[in-house]
Structures are given as structure tokens and as C-alpha cells.
Amino acid sequence: MKVCTVGLGYIGLPTAAMLASRGHEVIGLDVNQAVVDAVNKGQAHFQEPDLQMLLSASVDTGRLRATTTPEPAEFFLIAVPTPMVDEGPDMSFVEAAARTIAPVLEKGNVVILESTSPVGSTERLAQIFAEERPDLTFPRYRDEDRPADVALCHCPERILPGQMLRELVSNDRIIGGLTLDCANKAAALYQTFVMGTCYVTDSRVAELCKLSENAYRDVNIAFANELSIICDKLGTDIWQVRELANQHPRVNILMPGAGVGGHCIAVDPWFIVSSAPEEARLIRTARVVNDDKPHRVVARIRALADRFKVPTIGCYGITYKPDVDDVRESPALEIVEEVARIEGAQVLVVEPNLSELPTSLATHDNVRLVSSDEAREAADIVTFLVGHRQFRRLEGDSYLSKAVVDTTGMFSTRKAKAVERN
């Protein structure tokens with residue numbers, strides 16, 4: 001099959017490489033010439049285990065090439081950003097992608113929206129295509145009797161950074177068509193590389209499923225984060241409370257942390273809130289709790305910094321989650337940005353997944369990227385913000401002389417003891 005992936009970012013590039021590895025002819029379409037040039041050289045522009053190897057092989061075999069100019073294909077997969085702005089979900093990238101590929105659409109094509117989107121977005125695509133291509137017919141939502149030249153679907157991505165290629169293959173997929181016929185046509189493509197189950201449904205169900213998955217995670221993380229705040233107020237150890245509460249067979253409190261980051265969990269629940277603001281009370285509250293957590297951590301660090309005339313603060317981790325180089329919506333990065341503004345503070349950042357500081361930190365003269373050993377030796381205050389695997393190998397005893405703020409639980413020494421039977 002000839003497939004065009006529209007957008008070569010965190011979702012589009014791994015998907016393009018995976019499709020090419022399954023023998024499809026893949027065209028990667030992107031507006032960024034630097035990304036296109038890198039892909040055509042077989043070079044991944046972000047870190048992901050095994051992606052470089054898969055991409056190089058796909059380009060070397062001629063199965064994958066990138067371009068800034070749209071051209072005909074059988075399948076079009078749209079995987080472009082859908083950020084949240086003050087006015088609500090920003091669908092401008094999706095709409096621009098639709099208008100870009102509209103001139104090359106042909107009868108029999110299948111267009112699949114993978115970008116996380118508000119309910120009704122696939123129907124909006126049909127409207128755009130109808131405006132741009134009045135010579136073609138497009139499906140209406142659940143109108144099985146209306147003939148259509150082009151099939152439209154929503155198949156939300158479900159992959160986790162750090163495990164993208166494995167999960168592209170192993171995870172179940174939800175394929176929501178404007179009609180059942182649309183969904184079945186898209187399923188034919190996914191079944192060429194997905195080993196999990198492909199479920200076909202309608203587009204609105206698929207759109208809300210993805211948003212619900214991330215909102216569910218956000219609500220449960222918010223409970224853990226709120227509980228950690230309560231424990232701080234009551235002088236109780238959150239890690240022991242969590243450990244013992246989870247001994248109950250029907251309780252599974254998640255790990256609290258510095259907040260919630262990434263482009264999915266920290267953003268997608270707002271899509272639901274924007275669609276049903278009066279009804280999404282719990283989902284909104286969870287977002288507020290998780291967005292507030294970084295400010296709570298900064299307050300603890302500031303309180304410790306007040307004990308020192310010129311505090312040196314070691315910050316371990318600034319990515320949005322462990323073992324990735326992605327800083328999008330990172331609460332750890334937000335915390336360090338605030339810590340860098342503490343008067344007189346010297347900030348030592350330890351981040352094994354980055355070779356240089358993000359621009360937001362690099363502009364501060366008092367912030368440096370250092371090794372964990374240098375931070376341990378020089379810091380008065382040590383803050384563990386992200387649970388990278390490299391940090392798990394650190395000796396907790398070597399930090400006993402420091403003022404420590406640990407949002408990861410890696411250095412919790414208080415463990416409950418089970419009473420042995422007589």
C-alpha cells in the first residue's frame with residue numbers, strides 16, 4: 001500500500017518507519033524542511049529506543065522518503081499537534097494538514113486522523129474536504145446509506161514515549177469511522193502491523209475514548225498528588241501510606257510526583273472540559289490539582305533555600321517523565337525555572353537524557369548542566385524531580401547530609417514491617 005504520514009513528529013515518524021518496515025511505500029510529509037532533510041538521511045530528530053535503526057533501514061531500502069510537497073497516496077495518516085490554548089483546543093494544524101492534502105485526494109482514498117482531537121473533529125475534516133474538493137463525495141457521521149468517494153476515520157495513537165515501537169505493534173487500536181465502511185477500510189491498514197486487536201466503532205466514540213483514557217489517568221494521579229499534599233500537612237509519610245493502602249485488594253493508589261507533564265495527560269482532559277464545561281467537574285478539578293503540584297514543590301524548595309545565604313540547589317531530572325528526552329509540559333522543568341529565580345541561588349541540573357539545557361534555562365547565568373556527582377558534592381539542597389533509571393542507582397546514604405526534596409519516592413527509607421507469625 002502507498003501511505004502518506006502527514007507530520008513527522010513523535011507519532012508520525014515512528015508510525016512511518018513501522019509502516020515502511022512492513023513493506024508499504026511510505027511518504028513522510030512535513031512542513032519543516034530540516035526534519036524532512038534529516039529523515040531522508042535516515043536520521044531521527046528525537047530519541048526513541050530502536051527508532052534510529054528502524055528509520056535507517058526504511059530509508060536505505062527506499063520504502064520511506066520525506067517531502068514538503070503533498071502527492072497522491074492510498075492512505076493518509078494525519079499526526080500533527082493539537083495544543084491547548086486559552087480559547088480551547090487548537091485544531092489549526094489539523095485543518096492546515098487537511099487543506100494541504102485535499103488537492104491530491106482521489107476516489108478510493110482513506111484519510112485517518114491520529115491526532116488527539118475533540119469530539120466531532122473527524123466530521124469537521126469531512127466538511128473541509130468537501131469545501132476544498134467539491135468534485136468528490138465524503139461520508140456523513142453514521143450515514144451508512146450515503147456513498148462516499150473518500151473514507152474518513154479517527155484512530156487515536158496509544159503509544160508511550162520510550163516504548164513507542166513496541167506499543168505500535170502490541171497495543172490494541174480503536175478505529176472510529178464516520179461510517180462502518182470507513183472504519184473497516186482503515187482497519188485493513190492497521191492489521192498489517194498491529195498484533196493487538198483492532199476495534200471498529202464510530203468516530204465520536206473513538207475521539208472520546210482517547211480523551212477518556214488520559215483523563216482517567218489524570219484523575220487518579222491527582223488523587224495521589226492531593227494525598228501527598230495532605231500527608232505533608234499532617235506530617236505523615238506519603239510513601240508508607242501509599243504502600244500500606246495498596247495492600248487492600250481493591251485499592252491501587254498511583255505514584256504521586258512533581259506534577260503531570262507531556263502532551264497527552266496534561267492537555268487532553270481540557271478537551272473534554274472545553275466540550276462539556278458544566279458537566280466535567282471532576283476532570284477540571286483533577287487538572288487544577290495536578291497543575292498546582294509544581295508550585296507546592298517550589299514552595300518547599302524556597303523554604304529550605306531561606307536557610308542558606310547563597311543556596312546551591314541540585315535538581316535531578318527536568319524531562320516530563322523518566323527515561324525520555326521530552327520536556328513538553330514538564331512539571332520538573334517548570335519547577336527548575338522557578339527555582340532559578342530564587343535570589344542568590346546557584347542551580348545545578350542533572351539530566352542524563354539531555355546534552356544541553358532547554359532555552360528557558362540556558363538563558364539563566366546561575367543554572368548549569370552537571371553530573372550527578374558534581375551536584376551531590378556541591379549542593380546544599382537536593383531535589384529529585386524525575387525518577388530516571390540512572391538515579392535509582394545512586395546511593396541514598398550519600399545524600400543524608402543534604403536537605404532533600406524527593407518527589408519520586410526513590411529515597412524513601414521508611415518501610416512498613418510485616419509481623420512474622422509465631
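**View 1. Which residues of strand β7 (residues 110–113) lie on one side and which on the other, and are they buried or exposed?** Val 110 and Ile 112 are on one side of β7, Val 111 and Leu 113 are on the other, and all of them are buried, so both faces are covered. Before going further: this is a predicted model, in which local features need pLDDT of at least 70 and side-chain atom pairs count only at pLDDT 80 or more, while totals for chains, interfaces and linings use all residues. Residues are numbered from 1 along each chain as its sequence is written, and side-chain values use heavy atoms, with hydrogens and water left out. "Buried" here is under 20% relative accessible area, "exposed" is over 50%, and "partly exposed" is in between (1.4 Å probe, protein chains only). Strands (E, at least two residues) and helices (H or I, at least four) are DSSP runs numbered from the N terminus. In a regular strand the side chains alternate between the two faces of the sheet.

**View 2. Strand β7 has parallel partners in β4 and β8.** Two strands count as paired if DSSP finds at least two bridges between them. Strand β4 (residues 75–78) pairs with β7 in the parallel sense over four bridges, and Phe 75 has Val 110 of β7 as its bridge partner. Four bridges also join β7 to β8, again running parallel. There, Ile 112 stands opposite Cys 153 of β8.

**View 3. Strand β14 (residues 381–384) is buried on both of its sides.** Ile 381 and Thr 383 point one way, Val 382 and Phe 384 point the other, and all are buried. Strand β11 (residues 312–316) runs parallel to β14, with four bridges joining the two. On the β15 (residues 403–406) side, β14 again pairs in the parallel sense over four bridges. Val 382 is a handy residue to centre on: Gly 314 stands opposite Val 382, and Val 404 is the bridge partner of Val 382 in β15.

**View 4. Helix α1 (residues 12–21) is mostly covered.** Nine of the ten residues in α1 are buried, among them Leu 13, Pro 14, Met 18 and Leu 19. Just after the helix comes Gly 23, with a positive phi of about 95°.

**View 5. One cavity of 30 Å³ or more turns up in the structure.** A cavity is a set of points, on a 1 Å grid over the protein atoms alone, where a 1.4 Å probe fits but cannot get out, and lining residues have an atom within 4 Å of a point. Grid points are joined across faces, edges and corners, and the volume is the space filled by probe spheres set on the points. The largest cavity comes to about 30 Å³. What lines the largest cavity? Tyr 10, Phe 46, Gln 47, Glu 48, Pro 161, Met 164, Val 324, Asp 325 and Asp 326 do the job. By class, that lining splits into five nonpolar, one polar and three charged residues. For the classes, Ala, Val, Leu, Ile, Met, Phe, Trp, Tyr, Cys and Pro are nonpolar, Asp, Glu, Lys and Arg are charged, and the others, Gly among them, are polar. Domain 1 (2–196) and domain 2 (211–406) both give residues to the lining, so the cavity lies between them. The domain bounds come from an automatic or database domain assignment.

**View 6. Two non-glycine residues with positive phi, Arg 142 and Asp 323.** Arg 142 has a phi near 60° and lies in the loop between α5 (121–132) and β8 (151–154). At 58% relative accessibility, Arg 142 counts as exposed. Asp 323 has a phi of about 65° and belongs to the loop between β11 and α12 (331–339). Asp 323, at 26% relative accessibility, counts as partly exposed.

**View 7. Cysteines without a bond: the disulfide count is zero.** A disulfide is a pair of cysteine sulfur atoms within 2.5 Å. Why does Cys 198 have no bond to Cys 155? The Cys 155 sulfur is the closest cysteine sulfur to that of Cys 198, but at 7.1 Å it is too far for a bond. Cys 198 counts as buried at 17% relative accessibility, and Cys 315 is buried too, at 0%.

**View 8. Glu 343 sits in the loop between α12 and β12 (346–350).** Glu 343 is exposed, at 75% relative accessibility. Glu 343 and Asp 306 are 37 residues apart in sequence and 9.8 Å apart in space, C-alpha to C-alpha.

Notes. 1 Å grid on protein atoms, 1.4 Å probe; cavity = no way out; pocket = protein on both sides within 12 Å on 5 of 7 lines; lining within 4 Å.
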